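Trainee: Please take me closely through the hairpins of this model and the loops, pocket and cavity that go with them.

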Amino acid sequence: MTTMTATTTQVYQLFIRATPEAIWEAITNPDFTEQYFHGVRAEFKDGRRFSTTQGGVSWDEPIIEQEPPRRLVHEWVSYYDPEMAAEEPSRVTWEIEPRDDGMCLLTLVHDQLEGAPKTAESVSGTGWMFVLSGLKTLVETGKPLA
């Protein structure tokens, strides 16, 4: 049995065979996010990240920085869960770095989790990796992972 301790700064990286523009589209287009982000439709507009679950829970968070198609930084609160929703906001940074041979390195940093220990535990390890694996599969094959 392996036990993972959530940290206040979590870093995830993966290579995706796609253009920065295609990856950016998958991150910011609600028709894509709904297919890999646990059914959540996330739309980025007017300086906000608007999210809606399949169960109808909706919320929005500020976008801190946006440099299409390379960098996106937004606040994160796990509003889909009442206990985690009561925690302090954290921050998610998406960085897309073009590489040779039609690949990009996608780095996701989820930090400022000091005041959100339940969120840190929830998203650590397989939490973010499920989302990122789904994004990669969708972008590379056109089909959702699950």
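Mentor: Two strands count as paired if DSSP finds at least two bridges between them. By that rule β4 pairs with strand β5 (residues 71-76), since four bridges join the two, and they run antiparallel. Bear in mind that the model is predicted.

Start with that pair. Within it, E65 has V73 of β5 as its bridge partner. β4 and β5 form a hairpin, and three residues lie between the two strands. P69 sits in the loop between β4 and β5. The peptide bond that joins P68 and P69 is cis, with an omega of about -10°. In general, most peptide bonds are trans.

β4 also has a partner on the other side of the chain order. Strand β3 (residues 48-52) and strand β4 (residues 58-67) are antiparallel and share five bridges. One of the bridge pairs is T52 with S58 of β4. This hairpin has five residues between its strands, and G56 takes a positive phi near 95° there.

T53 belongs to the loop between β3 and β4. T53 counts as buried because its relative accessibility is 17%, and the cut-off for buried is under 20%. Leaving out residues up to four places away in sequence, T53 touches G39, V40, W59 and Y80. Two of the names on that list lead further, to G39 and to Y80.

G39 is in another loop, the one between α2 and β2. G39 has a relative accessible area of 8% and is therefore buried. With residues up to four places away in sequence not counted, G39 touches E34, T52, T53 and Q54. T52, the bridge partner of S58, is thus named among the contacts of G39. F50 can be set beside this: G39 and F50 are 11 residues apart in sequence, and their C-alpha atoms are 14 Å apart in space.

Y80 leads to the largest pocket. F37, H38, W76, Y80 and V131 are the residues nearest the centre of this pocket, which is lined by 13 residues. The volume of the largest pocket is about 220 Å³. Its lining is made up of eight nonpolar residues, four polar ones and one charged one. Among the elements, α4 (117-123) and α5 (126-141) each supply at least two lining residues. The most comes from α5, which gives three residues.

W76, one of the residues nearest the pocket centre, also appears around T119. T119 is in helix α4. T119 is classed as buried because its relative accessibility is 2%. Apart from neighbours within four places in sequence, T119 is in contact with W76, S78, M84, E87, H110 and L113. With E87 the link is also polar: the side chains of T119 and E87 make a polar contact of 2.7 Å.

F37 connects the pocket with an enclosed space. Besides lying near the pocket centre, F37 lines the largest cavity, together with I27, T33, Y36, A42, F44, R49 and W94. The elements that give two or more residues to this lining are α2 (30-36) and β2 (41-45). By class, the cavity lining holds six nonpolar, one polar and one charged residues. The space in the largest cavity is about 30 Å³. Over the whole structure, the search finds one cavity of 30 Å³ or more.

Two more loops deserve a look for their backbone. D101 lies in the loop between β6 (90-98) and β7 (104-111). The phi of D101 is near 60°, a positive value in a residue other than glycine. D101 counts as exposed because its relative accessibility is 64%. Q112 is in the loop between β7 and α4. Q112 is likewise a residue other than glycine with a positive phi, near 55°. Its relative accessible area is 39%, so Q112 is partly exposed. For background, most residues other than glycine have a negative phi.

Definitions and conventions
Residues numbered from 1 in each chain as written. Predicted model: local features only at pLDDT ≥ 70, side-chain atom pairs only at ≥ 80, totals over all residues. Heavy atoms only, no water. 1 Å grid on protein atoms, 1.4 Å probe; cavity = no way out; pocket = protein on both sides within 12 Å on 5 of 7 lines; lining within 4 Å. Points joined across faces, edges and corners; volume = space filled by probe spheres on them. Nonpolar A, V, L, I, M, F, W, Y, C, P; charged D, E, K, R; others polar. Buried < 20%, exposed > 50% of the residue type's maximum accessible area, 1.4 Å probe, protein only. Polar contact = N/O pair within 3.5 Å; in protein donor to acceptor, adjacent residues only side chain to side chain. Contact = heavy atoms within 4.5 Å.
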